[in-house]
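Grab your viewer and work through a few exercises on this fold. Try each task yourself before you read the solution below it.

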Amino acid sequence: LLAAVREDRFPPKLKRVGVSLPGALADRVITAIAESEKGLPACISRLEFNGGMLGGEGVARLATSAVGSAGGKLSSLEGLSFSNCQIDDDVFRRLGEVLCAHVCPLLESVNVRNNRISVDGVSAFLDALSPQSVPLLECLWLEGQEGIEVGDAEKRFASDVEALLEQARAQGKVPSCFETGLQTEDDDDEDEEEADGESGEEG
C-alpha cells in the first residue's frame, strides 16, 4: 500500500473504496502521501486509522508538501478518521494546516474520537482552516478526549467547542449544520423539556 501510494500504482478504473488500517501505520501512510506526486489515489474515498500513535512529523511534511496536479493530495476524501491515535493539540493543529494546504472539496466527516485534544487544540485546528478547505464538512467527532471526564467537564468542553464553531461559521469555514457528538448543557435542557412534554401528554 505504501509503495502504491508513493508511486501512484493504483489501477486507474478501480471503484471508490474505503481503507481501514491499524493506527500503527498512520505516520507511514501520511508520509507516503506527502512524498507522492499526486497524493492519495482518487479511488480512496475514506481513510481510517484506529489505535497506535499519529506523530507530528509526517503530518507536518504533508502540510508543507507540493499540492500536486489534483489541486490537493487528499482531494478525493469523503471521510478521514484517526480514532485512538494519541493525537494532541499540536498534531491536531497540523491536521488543520494539512486541510488548508490540500483542500478537500468532498470531505464530509473527520473523526478524532478518543484522543488528547483540548479546547485549545480545537481552536488551533479551526484557525488553520480557510473557507475553501472543507466546504462540505458536516461532522467533527470529538467525544472521549483524554482528561475530559464525563459530566460537567465534558459539558463545558462541548459548550466551548460550540462557541468556537460559531466563530468558524461566521468566517465561512464550516457549514451551519454541524455535528461533534458532544452533549452540551443546552442539549440536556432540551431533552428535559421534551420529556416533560411527553409526560404532560400522557397525563
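The exercises below deal with a predicted model, and each one comes with a worked solution.

**Exercise 1: the sheet**

Task: work out the strand order of the open sheet and how its strands pair, then find which strands stand at the edges.

Solution.
- Step 1: Trace the sheet from one side to the other. You get five strands in the order β1-β2-β3-β4-β5, and the pairing is parallel.
- Step 2: Look for strands with a single partner. These are β1 (17-22) and β5 (139-141), so each has one side left without a neighbour in the sheet.
- Step 3: Check the twist, which averages 10° from one strand to the next.
- Step 4: Zoom in on one pair. β4 (residues 109-111) runs parallel to β5, with three bridges joining them. Here V110 sits opposite L140 of β5.

**Exercise 2: a covered helix**

Task: decide whether α2 is mostly covered or mostly open, and find what its buried residues pack against.

Solution.
- Step 1: Count the buried residues of α2. Seven of the ten are buried, which makes the helix mostly covered.
- Step 2: Name them: A26, V29, I30, T31, A32, I33 and A34.
- Step 3: See what they pack against. The partners are α1 (2-7), β1, β2, α3 (56-64) and β3 (79-83).

**Exercise 3: two serines in loops**

Task: place S36 and S76 in the chain, then say whether S36 and S76 are buried or exposed and what their side chains reach.

Solution.
- Step 1: Start with S36, in the loop that links α2 (26-35) to β2 (44-50). Its relative accessibility is 4%, and the cut-off for buried is under 20%, so S36 counts as buried.
- Step 2: Follow the polar atoms. The S36 side chain gets to the backbone oxygen of I33 at 2.7 Å, and a polar atom of that side chain is 2.9 Å from the backbone nitrogen of G39.
- Step 3: List contacts beyond four places in sequence. For S36 these are V5, R6 and K73.
- Step 4: Now do S76, in the loop between α3 and β3. With a relative accessible area of 6%, S76 is buried too.
- Step 5: The side chain of S76 reaches the backbone oxygen of I44, at 3.0 Å. Leaving out residues up to four places away, S76 touches R16, L40, P41, A42, I44, S45 and L106.

**Exercise 4: a helix pair**

Task: describe how α5 and α6 pack, using the angle and distance between their axes.

Solution.
- Step 1: Read off the geometry. Helix α5 (residues 119-128) and helix α6 (residues 152-170) have axes 10 Å apart, at an angle of about 15°.
- Step 2: Classify the angle. Values under 35 degrees count as roughly parallel, and therefore α5 and α6 are roughly parallel to each other.
- Step 3: Add the handedness: the crossing is right-handed.
- Step 4: Find who makes the contact. From α5 come V119, V122, S123 and L126, and from α6 come F157, D160, V161, L164, L165 and A168.

**Exercise 5: a loop glycine**

Task: find where G144 lies and which residues G144 touches.

Solution.
- Step 1: Locate G144 in the loop between β5 and α6.
- Step 2: Check its accessibility: at 40%, G144 is partly exposed.
- Step 3: Outside its neighbours up to four places away in sequence, G144 touches N114 and N115.
- Step 4: Compare chain and space. G144 and S83 are 61 residues apart along the chain, with 9.9 Å between their C-alpha atoms.

How values were computed:
Residues are numbered from 1 along each chain as its sequence is written. This is a predicted model: local features need pLDDT of at least 70, side-chain atom pairs count only at pLDDT 80 or more; totals for chains, interfaces and linings use all residues. Side-chain values use heavy atoms; hydrogens and water are left out. Two strands pair if DSSP finds at least two bridges between them. Helices (H or I, at least four residues) and strands (E, at least two) are DSSP runs, numbered from the N terminus. Axes are lines fitted to C-alpha atoms, for helices over the stretch in contact, and angles run from 0 to 180 degrees between N-to-C directions. Buried means under 20% relative accessible area, exposed over 50%, partly exposed in between (1.4 Å probe, protein chains only). A polar contact is a pair of N or O atoms within 3.5 Å; within protein, one must be able to donate a hydrogen and the other to accept it, and residues adjacent in sequence count only if both atoms are side-chain atoms. Contact means heavy atoms within 4.5 Å. Angles under 35 degrees count as roughly parallel, over 145 as roughly antiparallel, 65 to 115 as roughly perpendicular and the rest as oblique. A crossing is left-handed if the near helix is turned anticlockwise from the far one by less than a right angle, and right-handed if clockwise.
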